[in-house]
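Hi everyone, thanks for making room for me today. I'd like to walk you through one protein model, so have a look at it while I talk.

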Amino acid sequence: MARANIDLPTDGELPSLPQVVLRALEACRCDSDYREIGRIISADTALCARVLALANSALYGRSGEINSIEQALLRLGTDQLQALIITASLRQLLFDLGADRWQQIRDFWRHSLTTALTARALGRLTGYANTEEAFMVGVLHNVGELIALRQPPGDDHQALLDNQIEIGARLASHWGLGQMATDAIRYQQAPARDIRDAGHLVKLINLSTRLALADSSGIEAAQTIFGLTSALTREICTRIDREVVALADSLDIPLEGPFDGGDAHKRLFEQVVRSAMVEHALQALPEQANGAELLTTALRNLVTLTGRPGLAFQQHDDRLELLAATRTAPPHIEVPLDNPQSLVTQVATLRETDVLNPQNATILDRQLLGLLDCRTMMSVPVCYGEQCCGVYIIGLDSAADAGLYTVLVELFAHRVGQFAHALRKDTRTEKVAGETLEQLAQRIELRKRVHEISNPLTIVRQYIRQLQYKLQDIEGSGKVEPDLDIVREELDRAAGLLERISEAHEPESADAQVSEEGVVINNELTILCDLFEEALFAPHDIHCELTMTTASTRAQATRGPVRQLVMNLVRNAVEAMPNGGSIHFHTAAPIWQDGRRWIELTIDDSGQGIPEPIRDALFKPVRSTKGPGHSGLGLSIVKQLVDDMEGIISCRTGEEGTSFRILLPGVKNTEKE
């Protein structure tokens, strides 16, 4: 078929099911990790298209390398991903489709998801190396039809339908998905006998589209293309149908009967309006402030947003402190959290919004109602992840009014929690026991160098004394020359060390980008292990073992984040071995996974293992169990650092100890190190 002369739309002009966008927004609001958000995005063609187009764009300097949703999400990072979801929700409001068109989009969604899941299953069964790529192409294979669905009936609509396959192939090429993905879309309807010797991905998508359509020829095509029996093919189709139904249920998408996305579209509109109101109200927040200043300033904005009086409490480790009130000067109120009875202490402890029940009002509740001059009140925690920095209270005329404000105030409090987290978090280092890891490294390095300088200076002094003695005898001046040479050499050495000390105080640029050279993991481990030996390992009776591959370990990363994540993991390991033990660093390369080259770093310790209650939220911010001086953010920061480097991290823990395995993208065509 000749290529139609049709302009390609941008990825932002494709409609999604509003239920999917709503669920993605909810996941962002709940600070879900990128994998959970990615699971939702992966089920929607329009969202997948936006993610892949952005990840493969020239903005990231390495277009055309991303061939799976997971790789795209790793490249974008959590913050960029959430921004993309919010923008997608705004664009979604532009699509005001009728009931008939919404039903067509629902059926489109079911078919694309079925094709994607089938392609992944067939890829695993037939040994395809990158099953996530097969899933991605399955989601996008009929994107041309989605473009047609956004158009009203008419000539343009029919032209798009007639050329949907070619449009989809051109978009795949435009988004940098590669030749094989483009061909898989272009030849999705080719006869089975014509693609028997085609590329593996082409065969997967061709067969998956047939099976997703319940095409009577699909069973026969499975035998022709891959030699699959009819019984096995039917079993695969049955299992995929169950997966689609389960995913649709989780997203509140009815698959049977008439479907109208109007109600969900209205809910999405309300959610977007609330988000816009909150973002506008937060524009005046100070960029630099402490936690108390942030909570106080934000309270004024909250009162403007809701038109209701309010109170702001700051949460400390074991108490709440009243910071601000809008109708009167705030009295001094500090409330312990060890026995939560009042509304504000229960909300701070449970981290759930609640409205006062007058029958259960405590004396403190009545005092706060007096400050608000209202009949009742609603309390909302200011949290980011598991970290709660305060509580807001707004006054209400009746409990029934809570429904008008709950979602809006919760969204506002959540965004304030994000601001508070950003103010506390140093982008490069995590504070532990009053000293940042960067400061620790500098202090230990300085101590080592000063110690190193003391040796040559001692030698200098000794030789100066000898020189003074020998100069007493002028006739022996010939013996002085070798000593003067030694003095000169040692002085030069001392000068060089002093120069290194001055260089140590020049911080590495926080905005340093990943260079083409990358960073050699083996070199960094050698430096860090040397540094840790004196400050951490020896004082705690910990034996360190370093096993490094002889292959190239040059990774696409910068020095600061690599050192930061190693330091965090080492500190955790040391704290898990209070009576001594061993820690083992191991590198391996190259590791091949999902068609990419990786550098593997493993850190093992013989400690007590990670407590079972916190394993489920291992890489999320949690309430620390280590006492004062510990924020509980250590592993969440490690996870963020690895994500920012487009890496992968996993953990194995138990009574025998803990092991962290980190995969970092390897630099291509590395030279011998």
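Let's start with a single residue. Phe 412 sits in helix H18, which covers residues 402-424. Is Phe 412 buried or exposed? The cut-off for buried is under 20% relative accessible area, and Phe 412 has 0%, so it counts as buried. Now find Val 382 as well. Phe 412 and Val 382 are 30 residues apart in sequence, and their C-alpha atoms are 8.7 Å apart in space.

Before we go further, please keep in mind that this is a predicted model.

Now let's step back to the whole chain. There are 673 residues, and 51% of them are buried. The secondary structure adds up to 23 helices and 15 strands. The accessible surface is about 32500 Å², and carbon and sulfur atoms hold 49% of it. Here is a number about how the chain meets itself: among contacts with a separation of 6 or more, 68% are between residues 24 or more positions apart.

On to the inside. In soluble globular proteins, nonpolar side chains tend to be buried together. In this model, the largest nonpolar core has 86 residues. Which members touch the most others? They are Trp 109, Leu 140 and Ile 253. Helix H5, residues 99-126, gives this core its largest share, with ten residues. There is also a second, separate core of 41 residues, and among its members are Ile 521, Ala 589, Ile 610 and Leu 618.

Let's zoom in on Trp 109. If we leave aside neighbours within four places in sequence, what does Trp 109 contact? Its partners include Leu 17 and Val 20, then Ala 43 and Asp 44, and further along the sequence Ala 248, Leu 251, Ile 253 and Leu 255. You'll recognise Ile 253 from the trio I just named.

Leu 140, from that trio too, brings us to helix H6, residues 131-140. How many of the ten residues in H6 are buried? Nine of them are, so to speak, under cover. The buried ones are Thr 131, Glu 133, Ala 134, Phe 135, Met 136, Val 137, Gly 138, Val 139 and Leu 140.

Next, how helices pack against each other. Take helix H11, residues 200-212, and helix H12, residues 218-226: their axes come within 9 Å and cross at roughly 165°. That angle makes H11 roughly antiparallel to H12. The crossing is left-handed. From H11, the residues in contact include Leu 204, Leu 207 and Leu 211, and from H12 they include Ile 219, Ala 222 and Phe 226.

H11 has another partner to look at, helix H10, residues 179-186. The axes of H10 and H11 come within 8 Å and cross at roughly 30°. This crossing is right-handed. Met 180, Ala 181, Asp 183 and Ala 184 of H10 make the contact with Leu 201, Val 202 and Ile 205 of H11.

Now for some backbone details. Helix H16 spans residues 343-350, and its buried residues are Leu 343, Val 344, Thr 345, Val 347 and Ala 348. After H16 comes Arg 351, in the loop that leads to strand E4. Arg 351 is not a glycine, yet its phi is positive, about 60°. At 21% relative accessibility, Arg 351 counts as partly exposed.

Asp 373 also has a positive phi, near 55°, and is a residue other than glycine. Where is Asp 373 found? It is in the loop between helix H17 and strand E5. With a relative accessible area of 60%, Asp 373 is exposed.

Remember Ala 589 from the second core? The peptide bond from Ala 589 to Pro 590 is cis, with omega near -10°. Pro 590 lies in strand E12, residues 581-593.

My last stop is Gly 657, in strand E15, residues 657-665. Gly 657 is buried, with a relative accessible area of 2%. Leaving aside neighbours within four places in sequence, Gly 657 contacts Asp 605, Ser 606, Gly 607, Gly 609 and Arg 652. The C-alpha atoms of Gly 657 and Ser 582 are separated by 9.7 Å, while the two residues are 75 apart along the chain.

That's my tour, and thanks for listening!

Note on methods
Residues numbered from 1 in each chain as written. Predicted model: local features only at pLDDT ≥ 70, side-chain atom pairs only at ≥ 80, totals over all residues. Heavy atoms only, no water. Core = buried A, V, L, I, M, F, W, Y, C linked by side-chain atoms within 4.5 Å. Buried < 20%, exposed > 50% of the residue type's maximum accessible area, 1.4 Å probe, protein only. Helix = DSSP H or I, 4+ residues; strand = E, 2+ residues; numbered from the N terminus. Contact = heavy atoms within 4.5 Å. Areas by Shrake-Rupley, 256 points an atom, 1.4 Å probe, with all protein chains shown as cover. Axes fitted to C-alpha atoms, helices over the stretch in contact; angles between N-to-C directions. Parallel < 35°, antiparallel > 145°, perpendicular 65-115°, else oblique. Left-handed = near helix turned anticlockwise from the far one by under 90°.
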